[in-house]
Amino acid sequence: QQDKPAEKAVQLKGELAAYQGVWVFIEQREGIVAPVSLELLGAGRQLADKLGVELCGVLLGDQVSGLVNMLYEYGADKVYLAEHPLLHFYRTETYMKIFVELVQQYKPEIILMGATTTGRDLAGAVATDLATGLTADCTGLDIDLEQRLLLATRPAFGGNIMATILCKKHRPQMATVRPKVMKMAAPVPGRRGELIISEVNLQEEKLLTKVLEIVKEQGEQVNLQEAEIIVAGGRGLGDRENFRKLCFGLAEAIGGKVGASRAAVEAGWIEQKYQVGQTGVTVAPKIYFALGISGAIQHLVGIRGSDIIIAINSDPEAPIFKECTYGIVGDVFTIVPLLIEQLKEK
Ligand code: FAD
């Protein structure tokens with residue numbers, strides 16, 4: 001008979017043993033939870049089960065208690081809730097203060113946050129204040145039960161190796177995780193847990209920063225992480241005009257969004273928010289078209305979650321052909337217009 005994993009986990013001695021449980025920071029804006037937080041509840045559930053500890057969501061904001069039941073349904077056993085008008089907008093100072101107070105009071109052994117702008121900012125500030133380790137931008141999480149340690153894996157050296165990083169001597173162990181890497185668990189309607197409401201003691205006059213105004217970004221909102229079809233273009237498209245004609249033309253014909261390699265972004269053919277890869281976004285569409293993209297490792301790390309990769313490249317030796325599901329060796333200027341024409345006819 002197999003031991004339950006949780007029974008195999010070693011019990012740490014001394015100060016570190018006081019730290020128990022897996023926490024997920026629930027990132028929300030205007031009451032909408034970031035999908036990565038729900039993905040992390042899915043990943044956190046597995047870590048917590050391995051360790052035999054609770055999975056907790058930490059929800060900060062103003063009038064956000066309506067989200068609590070959803071967090072139980074996505075796997076949280078417990079939710080720590082801190083509400084205050086000064087938590088309405090994310091500010092490093094206020095969120096860090098409340099988060100650190102909660103950690104000091106309840107002592108979690110693992111804290112996970114999304115590798116979003118907010119998550120990256122908060123995780124760095126919290127880890128610094130607590131003088132603990134943080135592994136940023138992870139793509140894999142596991143537990144070493146023998147040592148009761150979080151195994152946080154992330155690309156290193158420009159994506160050429162995957163490094164697994166341990167935080168042996170400090171608690172909590174912290175990690176930010178890229179959106180779309182972890183699988184969201186299927187919600188269990190009606191599942192409930194325990195709510196811990198935290199008192200918030202914040203005074204505007206004591207804060208160093210103030211939110212004066214929120215200015216929404218002008219122009220098209222780009223959310224490649226949620227896109228089901230992406231048509232991405234690279235240097236092989238030659239110039240801005242061709243990039244726009246072929247990428248936007250095919251995307252429109254097939255109902256997809258446009259993405260780009262760094263070379264296309266650096267050439268000024270499209271804004272940085274469209275960049276896919278290590279220093280851009282990680283995507284996981286059903287179909288990813290790579291037009292005139294060579295398949296450098298820094299690009300590939302961002303597209304490996306795609307169900308189907310279709311590459312069109314004139315060089316049969318291009319590295320993208322080792323990764324793609326379907327590869328077409330040929331000229332984008334011949335093939336893509338034909339594809340657009342065919343799709344438009346349907
Ligand atoms: P190229 O490598 O120049 O490839 C162009 C391809 O087009 C070639 O394979 C060529 O055969 C093909 N081609 C040319 N003409 C045609 C034609 N007529 N028809 C069909 N095919 C044609 N890159 C990213 O994309 N995203 C990142 O986030 C990223 N982060 C990076 C981070 C670091 C730290 C570093 C060092 C690099 C990073 N890069 C990133 C850059 C990366 O290494 C590559 O330089 C980049 O991805 C190359 O872009 P590309 O494939 O468009 O261009």
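This is a chat about a predicted model of a protein with a ligand.

Reader: Hi! Let's start with the ligand. Which residues come nearest to it?

Author: There are 25 residues around the ligand, and the ones that come nearest are Arg235, Ser261, Thr279, Ser294 and Asn313.

Reader: What kinds of residues make up that shell, in terms of nonpolar, polar and charged?

Author: The shell divides into 15 polar residues, six nonpolar ones and four charged ones.

Reader: And which helices supply residues to it?

Author: Look at α7 (262-266), α8 (297-300) and α10 (332-345): each of them supplies at least two residues of the shell around the ligand.

Reader: Ok, what about Ser261, how far is its side chain from an oxygen of the ligand?

Author: An N or O atom in the Ser261 side chain is 2.5 Å from an oxygen atom of the ligand. You can find such pairs at other side chains too: for Gln275 the distance to a ligand oxygen is 2.9 Å, and for His299 the distance is 2.8 Å.

Reader: How much of the ligand's accessible area does the protein cover?

Author: On its own the ligand has 980 Å² of accessible area, and the protein covers 75% of that.

Reader: Switching to helices. What can you tell me about α6?

Author: Helix α6 runs over residues 240-254, so to speak 15 residues in a row. From the first C-alpha to the last, α6 reaches 21 Å, close to the 21 Å expected at 1.5 Å a residue.

Reader: Which residues of α6 are buried?

Author: In α6 the buried ones are Asn242, Phe243, Leu246, Cys247, Gly249, Leu250 and Ala251.

Reader: And what do they pack against?

Author: The buried residues of α6 pack against three strands, β13 (229-233), β14 (257-260) and β15 (287-291), and also against α7 and α10. You met α7 and α10 earlier, as helices that supply residues to the ligand shell.

Reader: What's going on at the ends of α6?

Author: At the N-terminal end, Asp239 is the cap, with a side-chain oxygen 3.3 Å from the backbone nitrogen of Glu241. Just after α6 comes Gly255, with a positive phi of about 75°.

Reader: What follows α2, then?

Author: Gly52 follows α2, and its phi is positive, near 70°. The helix itself spans residues 35-51 and has 17 residues. Its reach is 25 Å from first C-alpha to last, close to the 24 Å expected at 1.5 Å a residue.

Reader: Is α2 mostly covered or mostly open?

Author: Mostly covered: 13 of the 17 residues in α2 are buried.

Reader: You mentioned positive phi for glycines. Which residues other than glycine have a positive phi?

Author: Glu30 is one of them, with phi near 50°, and Asp137 is another, with phi near 65°.

Reader: Where do those two sit, and are they buried or exposed?

Author: Glu30 is in the loop between β2 (28-29) and β3 (32-33). Its relative accessibility is 54%, so Glu30 counts as exposed. Asp137 is in strand β7, residues 134-138, and with a relative accessible area of 15% Asp137 is buried.

Reader: What about Thr176, what does it touch?

Author: Thr176 is in strand β11 and is buried, at a relative accessible area of 1%. Beyond its neighbours within four places in sequence, Thr176 is in contact with residues including Met113, Gly114, Arg120, Leu134 and Asp137.

Reader: Where's the cis peptide bond?

Author: The cis bond joins Arg171 and Pro172, and omega there is about -5°. Pro172 lies in the loop between β10 (161-165) and β11 (173-177).

Reader: Which side chain reaches the backbone oxygen of Pro172?

Author: That of Thr132, at 2.5 Å. Thr132 is in the loop between α5 (117-130) and β7, and at 12% relative accessibility Thr132 counts as buried. Leaving aside neighbours within four places in sequence, contacts of Thr132 include Arg171 and Pro172, along with Cys167 and His170.

Reader: Last one: how far apart are Ser65 and Glu83?

Author: They are 18 residues apart in sequence and 7.9 Å apart in space, C-alpha to C-alpha. Ser65 is in the loop between β4 (55-61) and α3 (68-73), and at 41% relative accessibility Ser65 counts as partly exposed. Leaving aside neighbours within four places in sequence, Ser65 is in contact with Leu81 and Glu83.

Definitions and conventions
Residues numbered from 1 in each chain as written. Predicted model: local features only at pLDDT ≥ 70, side-chain atom pairs only at ≥ 80, totals over all residues. Heavy atoms only, no water. Near = heavy atom within 4 Å. Polar contact = N/O pair within 3.5 Å; in protein donor to acceptor, adjacent residues only side chain to side chain. Areas by Shrake-Rupley, 256 points an atom, 1.4 Å probe, with all protein chains shown as cover. Helix = DSSP H or I, 4+ residues; strand = E, 2+ residues; numbered from the N terminus. Nonpolar A, V, L, I, M, F, W, Y, C, P; charged D, E, K, R; others polar. Expected span 1.5 Å × (residues − 1). Buried < 20%, exposed > 50% of the residue type's maximum accessible area, 1.4 Å probe, protein only. Contact = heavy atoms within 4.5 Å.
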